[in-house]
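Please consider the structure shown here. The paragraphs that follow lead through a sheet region, a buried side chain, the internal cavities and some points of backbone geometry.

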Amino acid sequence: MTVRPGRERRGLRLLVKGVPGVAALTVLAASASMIAPAGALASVSASASVSALASVSAFAESPQPGTPAYRERDAQNQRDAWGRIFGPGGQLRSLPYLTALATQVGPKTLADWADQARRLNRPSVTLGMIFPPANLGNPLREGWSGRRGRAVPISYTNRYGALIKGTMYAPLPGARDPYTGVRHSGPFPGVVITTGSVQGTERMYTWLAQDLAERGYVVMTYDVQGQGRSETLPHQGPVEDLPLCDPSAAPLPGEQSGCPGVISQQGANFRYGTEDALSFFQSTPASPWRNPGAGSASVDSHNPLWQLYDRSPDTRSVTPGRTSRIAVIGHSYGAAAVSYLQTVDSRIQTVVALDKLGLRSDKAWPVGKPVVPALALQADYSFLPQAYDSCEGCSPDKAPDPYRERKTGYDTWAAANVDSMLVVPRAATHLDYTDIPLVLPASRYGQALSSVYTQAWLAKYLKHDPAADDVLLGQSFRYLEPVAVGQWAPVTLRRNDQLSFYHCSAYRFRRAADGSLAENPDLGKVGCTR
């Protein structure tokens with residue numbers, strides 16, 4: 001079925017007309033059309049099938065920088081960076097997506113506002129509460145809980161007494177792995193996912209939490225203080241139910257002001273937020289989370305799915321002294337935080353960094369060192385795609401630095417002889433790792449490719465599944481993606497078609513079968529020779 005762009009926009013207007021709370025979606029769709037690169041809608045196939053082989057058009061031979069062929073390939077890559085919205089099966093080309101979005105944003109927004117009204121003493125002054133689509137995630141994943149897995153809301157207070165909202169995900173009792181058909185039997189390894197800054201919300205990462213839970217993990221997502229549905233202010237006064245801090249006081253270690261956790265865009269929120277989340281994740285009725293400053297707030301004293309988490313020491317860990325069966329995943333500032341925390345937090349067995357892996361100094365932490373295996377999932381572009389020759393120091397006759405993404409963290413891990421892998425999805429942006437409806441660019445399959453590699457990486461280092469190496473070293477992958485509410489369909493991805501042709505992807509790790517070194521400095525043959 002082919003859908004013309006004009007019909008899509010008219011269909012969206014008809015779809016949202018008269019539906020309470022979703023009038024803004026028409027504006028969002030129109031805005032997406034206006035800010036997308038010229039020809040983005042016309043440049044992609046409108047095929048509705050996602051079970052067909054998914055690939056991004058590639059040239060048989062790499063053209064030379066400055067040539068018309070090179071510039072056309074670059075322009076196509078920029079258009080492909082909008083693929084999640086305009087590509088085959090993308091948001092604006094999917095009637096099920098638009099229907100789900102229109103019918104969910106109103107009720108979810110009202111539910112979030114009602115929850116806020118019940119706790120006026122704990123305000124969430126955040127983008128997610130003011131701009132509801134930021135708190136939505138992928139609407140096609142609604143109904144996952146009870147069908148493909150289990151989702152349980154959680155609330156607890158962080159070390160400063162701010163109320164933190166989150167969700168626990170786990171397999172359904174007796175469920176089978178949707179890829180292998182093997183029946184799950186717990187307990188399971190654990191995963192904590194920390195959001196990005198600039199008002200990232202936990203629901204933007206539902207895609208990865210659900211994908212991992214149905215593969216046999218207990219997963220926790222949460223909103224850091226001052227983002228999403230979590231509280232903005234700390235509770236440091238004598239009355240626990242009242243938010244209070246002293247902005248004129250000397251900042252606590254790692255904080256930027258005397259009001260800890262304010263502003264939310266600081267390293268402390270992501271480092272301390274991850275540490276507190278790990279502690280809450282591991283809490284039990286016998287060893288509860290202390291919930292400082294909770295007062296009369298409705299909070300969980302411990303992880304409600306604590307019995308599903310495998311607490312047995314991991315005797316097969318590749319990192320001496322790291323025996324907890326738990327991984328941390330972070331995006332953006334969250335990625336920087338988990339890249340550091342793997343140095344100092346002995347609970348962490350492995351790390352996945354979503355744009356970018358790297359050891360950088362921050363007020364909340366010093367420079368760390370590689371300790372545990374790390375998977376780096378990065379991007380061709382930052383927030384917006386741009387021409388290859390438009391960056392500082394770039395020129396029309398010079399290709400982008402193929403080592404750019406390797407330099408941020410992967411090369412440091414490789415030099416330290418710690419297992420690592422770097423994957424740069426083609427045309428991916430910084431937003432590939434979040435779910436935001438109708439605005440902001442992201443590639444069509446970057447999220448799928450990243451989920452496949454994350455599943456395999458955790459299977460290798462948390463479950464010690466020897467089959468994980470076959471996926472990590474494979475050249476094609478099968479991924480299940482939601483195509484309608486309650487419906488998932490397979491998409492096949494060819495590795496070489498999905499990797500950046502500007503920036504090198506690479507790996508260096510020990511094979512499970514015989515301990516031999518698997519190493520490739522340039523998966524996509526971009527030009528990294530060492």
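**A walk through the predicted model**

Within strand β9, Leu 422 is the bridge partner of Ala 376. The model that shows this pairing is a predicted one. Strand β9 covers residues 420-423 and runs parallel to β8, to which four bridges join it. Between the two strands the chain passes through helix α10, residues 404-415, and the resulting β-α-β crossover is right-handed. Strand β8 also pairs with β7, residues 350-354; these two strands run parallel as well and are joined by four bridges. In that pairing, Leu 354 of β7 stands opposite Leu 377 of β8.

How are the two faces of strand β8 placed, covered or open? In a regular strand, side chains alternate between the two faces of the sheet. In β8, which spans residues 374-377, Ala 374 and Ala 376 lie on one side and Leu 375 and Leu 377 on the other. These four residues are all buried, so both faces of the strand are covered.

Just past β7, in the loop between β7 and β8, lies Asp 355. Its phi is near 50°, a positive value in a residue other than glycine. Most residues other than glycine have a negative phi, and most peptide bonds are trans. Asp 355 counts as buried because its relative accessibility is 5%, under the cut-off of 20%. Ser 332 also has a positive phi, near 60°. Ser 332 is placed in the loop between β6 (326-331) and α9 (333-344). With a relative accessible area of 19%, Ser 332 is buried.

The backbone also holds cis peptide bonds. One runs from Gly 186 to Pro 187, with omega near 0°, and Pro 187 belongs to the loop between β3 (163-170) and β4 (190-194). Another joins Val 262 and Ile 263, with omega about 5°. Ile 263 lies in the loop between β5 (218-222) and α8.

Helix α8, residues 267-281, leads on to the interior, as this helix gives the most to the lining of the largest cavity, with five residues. How many cavities of 30 Å³ or more does the structure hold? There are two. The largest has a volume of about 120 Å³. Its lining comprises 15 residues, of which Asn 158, Gln 225, Asn 269, Tyr 272 and Gly 273 are the closest to its centre. By class, the lining of the largest cavity consists of seven nonpolar, five polar and three charged residues.

The second largest cavity encloses about 60 Å³ of space. Helix α5 (95-117) and helix α6 (127-130) are the elements that give two or more residues to its lining. The largest share, five residues, comes from α5. Among the lining residues are Lys 108, Asp 112, Trp 113, Met 129 and Arg 203. The lining of this second cavity has five nonpolar, three polar and three charged residues.

A last stop is Gln 210, in helix α7, residues 206-213. Is Gln 210 buried or exposed? Gln 210 counts as buried because its relative accessibility is 4%, under the cut-off of 20%. Leaving aside residues up to four places away in sequence, Gln 210 touches Arg 141, Trp 144, Tyr 169 and Trp 488. Gly 149 is 61 residues from Gln 210 in sequence, while their C-alpha atoms are 7.3 Å apart in space.

Conventions:
Residues numbered from 1 in each chain as written. Predicted model: local features only at pLDDT ≥ 70, side-chain atom pairs only at ≥ 80, totals over all residues. Heavy atoms only, no water. Buried < 20%, exposed > 50% of the residue type's maximum accessible area, 1.4 Å probe, protein only. Pairing = 2+ DSSP bridges. Right-handed = clockwise from strand over helix to strand, strands pointing away. Contact = heavy atoms within 4.5 Å. 1 Å grid on protein atoms, 1.4 Å probe; cavity = no way out; pocket = protein on both sides within 12 Å on 5 of 7 lines; lining within 4 Å. Points joined across faces, edges and corners; volume = space filled by probe spheres on them. Nonpolar A, V, L, I, M, F, W, Y, C, P; charged D, E, K, R; others polar.
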